[in-house]
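Me: I have a model open in front of me and would like to learn how to read its helices. Could you take me through them?

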Amino acid sequence: MTTQELVEQFIEQGRKQGMAQGTIELYEARFGPMPPALRSAVEAMRDLSTLRKWHLLAGTGTRDDVHDAIAADPAGRSS
C-alpha cells in the first residue's frame, strides 16, 4: 500500500467517524440519550452513504423514523 493510499484510507476513516459522532450528537440534541444498541450500530457502520442517510434522518425525522432506519440497515454493512 502506498503512502497516498494510507492517507486516503485515514481520511475516509475520519469522515466515517465524524459522521457517526455527528449523527449521535444530533440525535441526542433532538431526542435525548441514544439507546446503547442504536449507538453501537451507528458507531459500527462503515458505509458513509448510510451514515449520511442516518444523519439527515436524525435531523429531520421522528425518533421512530431513526430507530426504524437503523434497525432495518444494521451494521452488517459495516465492513
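Me: Which residues in H1 are buried?

Reply: Buried means under 20% relative accessible area, with exposed over 50% and partly exposed in between (1.4 Å probe, protein chains only). In H1, that applies to Lys16, Ala20, Gly22, Thr23, Ile24 and Tyr27. This is a predicted model, where local features need pLDDT of at least 70 and side-chain atom pairs count only at pLDDT 80 or more, while totals for chains, interfaces and linings use all residues. Residues are numbered from 1 along each chain as its sequence is written, and side-chain values use heavy atoms, leaving out hydrogens and water.

Me: What do the buried residues of H1 pack against?

Reply: Contact means heavy atoms within 4.5 Å. The buried residues of H1 pack against H2, helix H3 (48-60) and helix H4 (63-72).

Me: At what angle do H1 and H2 cross?

Reply: Axes are lines fitted to C-alpha atoms, for helices over the stretch in contact, and angles run from 0 to 180 degrees between N-to-C directions. The axes of H1 (residues 3-31) and H2 (residues 36-44) come within 8 Å and cross at roughly 155 degrees. That makes the two helices roughly antiparallel, a term for angles over 145 degrees. Ala20, Thr23, Ile24 and Glu28 of H1 meet Arg39, Val42 and Glu43 of H2.

Me: Is isoleucine 70 buried or exposed?

Reply: Isoleucine 70 lies in helix H4 and counts as buried, at 3% relative accessibility. Beyond its neighbours within four places in sequence, isoleucine 70 is in contact with Leu38, Ala41, Val42 and Trp54.

Note on methods:
Helix = DSSP H or I, 4+ residues; strand = E, 2+ residues; numbered from the N terminus. Parallel < 35°, antiparallel > 145°, perpendicular 65-115°, else oblique.
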